[in-house]
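Q: I am new to this structure and would like a close look at a single part of it, taken slowly and set against the rest of the chain. Could you walk me through what is found there, one residue or element at a time?

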Amino acid sequence: MTIALSPATPVRLLCQQQLTRKPVLFCFQDKFPTSGNVVCWSASANYASLWVGARRLQPLVKPSWGKRSGIVRCATIEEIEAEKSSIEKDVKERMEKTVETVRSNFNSIRTGRASPAMLDKIEVDYYGTPVSLKSIAQISTPDASSILVQPYDKSSLKAIEKAIVSSDVGMTPNNDGEVIRLAVPQLTSDRRKELSKIVSKQAEEGKVAIRNIRRDALKAYEKLEKEKKLSEDNVKDLSSDLQKVTDEYMKKIDTVFKQKEKELLKV
């Protein structure tokens, strides 16, 4: 059993007569009737010892009441707060990464207007090592219907051209020995609708990921409750706060989705 205590808190333990079989009850009061076994609690830092008369009890983690000696490790308020903060920080970091992943996936889907982000997912076999295209070339858009790829190393032109052809960007590279030009074709009405469905699916996958992060956090809170570090009311309050954070990130995904959908359907 883990209990948040201050070392200065006067605490006594009231046990039943048969310590080997009956449950042990903790009392946070200075005084109570002395019938039964009255056991003293002494603490130093965040460790505490239980005493039956002049005999010290075994650790509660693995009780051995017959020996009557031991030390109990108690969680401090600071430790409990640190665990709560760690869970909350992890939730926000993971949810933020999820939104960024959804946004990145959306950017790689072309909308009929040229954008360097269309080539974000392309990897090039550069001297036997797969690297992202944008790490070995400068990508720009001279106008709304074309993309210019200028490699830092001209010897990589062939590899870049091959990677673009093998990708699903749907554009044919024009290699003039210095740079690679890509003409962005206009999307047909059917293609726009098809891409809109893909974007919708990716947005839903992002929301599922957000819900899974919320589920993991709830399990972490429930674990703290089982360890007696949080009360049932604490967990309810934290769950309510967690739902607000979840709703906030759900709205962020909805926002980027609507923006992308608008771009796709705009002729």
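A: Lys228 is exposed, because its relative accessible area is 54%, over the 50% that the word requires. This residue sits in the loop between H3 and H4, and although Lys228 is not a glycine, it has a positive phi of about 65°. All of this, like what follows, is read from a predicted model.

From that loop the path leads into helix H4, which covers residues 232-265 and holds another lysine, Lys260. Here the setting is the opposite one: Lys260 has a relative accessible area of 7%, which is under the 20% cut-off, and therefore counts as buried. A polar atom of the Lys260 side chain lies 2.7 Å from the backbone oxygen of Ile109. Leaving aside residues up to four places away in sequence, Lys260 touches Phe106, Asn107, Ile109, Thr111 and Val199.

Phe106 and Asn107 in that list lead to helix H1, which runs over residues 77-107. H1 has 31 residues, and from its first C-alpha to its last it reaches 45 Å, close to the 45 Å expected at 1.5 Å a residue. Phe106 is one of the buried residues of H1, and Ile80, Lys84, Ile87, Val91, Met95, Thr98, Val99 and Val102 are buried as well. What these buried residues of H1 pack against is helix H3 (189-226) together with H4.

Lys260 also has a place in the description of the open space in the model. The largest pocket has a volume of about 460 Å³, and of the 21 residues that line this pocket, the closest to its centre are Thr111, Arg113, Gln259, Lys260 and Glu263. The elements that give two or more residues to the lining are H1 and H4, and H4 supplies the largest share, which is five residues. Thr111 thus appears twice in this account, as a residue that Lys260 touches and as one of those closest to the centre of the pocket.

A positive phi like that of Lys228 is also found at Tyr127, where phi is near 55° in a residue other than glycine. Tyr127 belongs to the loop between strand S7 (123-126) and strand S8 (129-132). At 64% relative accessibility Tyr127 counts as exposed, whereas Tyr126, with a relative accessible area of 24%, is partly exposed. The count of aromatic pairs in the model comes to one. The rings of Tyr126 and Tyr127 have their centres 4.8 Å apart and their planes at 70°, so this pair is edge-to-face.

To set these parts within the whole, the chain has four helices and twelve strands, and of its 267 residues 36% count as buried, with Lys260 being buried and Lys228 exposed. Among contacts in the chain between residues at least 6 apart in sequence, 55% join residues at least 24 apart.

How values were computed:
Residues numbered from 1 in each chain as written. Predicted model: local features only at pLDDT ≥ 70, side-chain atom pairs only at ≥ 80, totals over all residues. Heavy atoms only, no water. Buried < 20%, exposed > 50% of the residue type's maximum accessible area, 1.4 Å probe, protein only. Polar contact = N/O pair within 3.5 Å; in protein donor to acceptor, adjacent residues only side chain to side chain. Contact = heavy atoms within 4.5 Å. Expected span 1.5 Å × (residues − 1). Phe/Tyr/Trp six-rings, centres within 6.5 Å; stacked < 30°, edge-to-face > 60°. 1 Å grid on protein atoms, 1.4 Å probe; cavity = no way out; pocket = protein on both sides within 12 Å on 5 of 7 lines; lining within 4 Å. Points joined across faces, edges and corners; volume = space filled by probe spheres on them.
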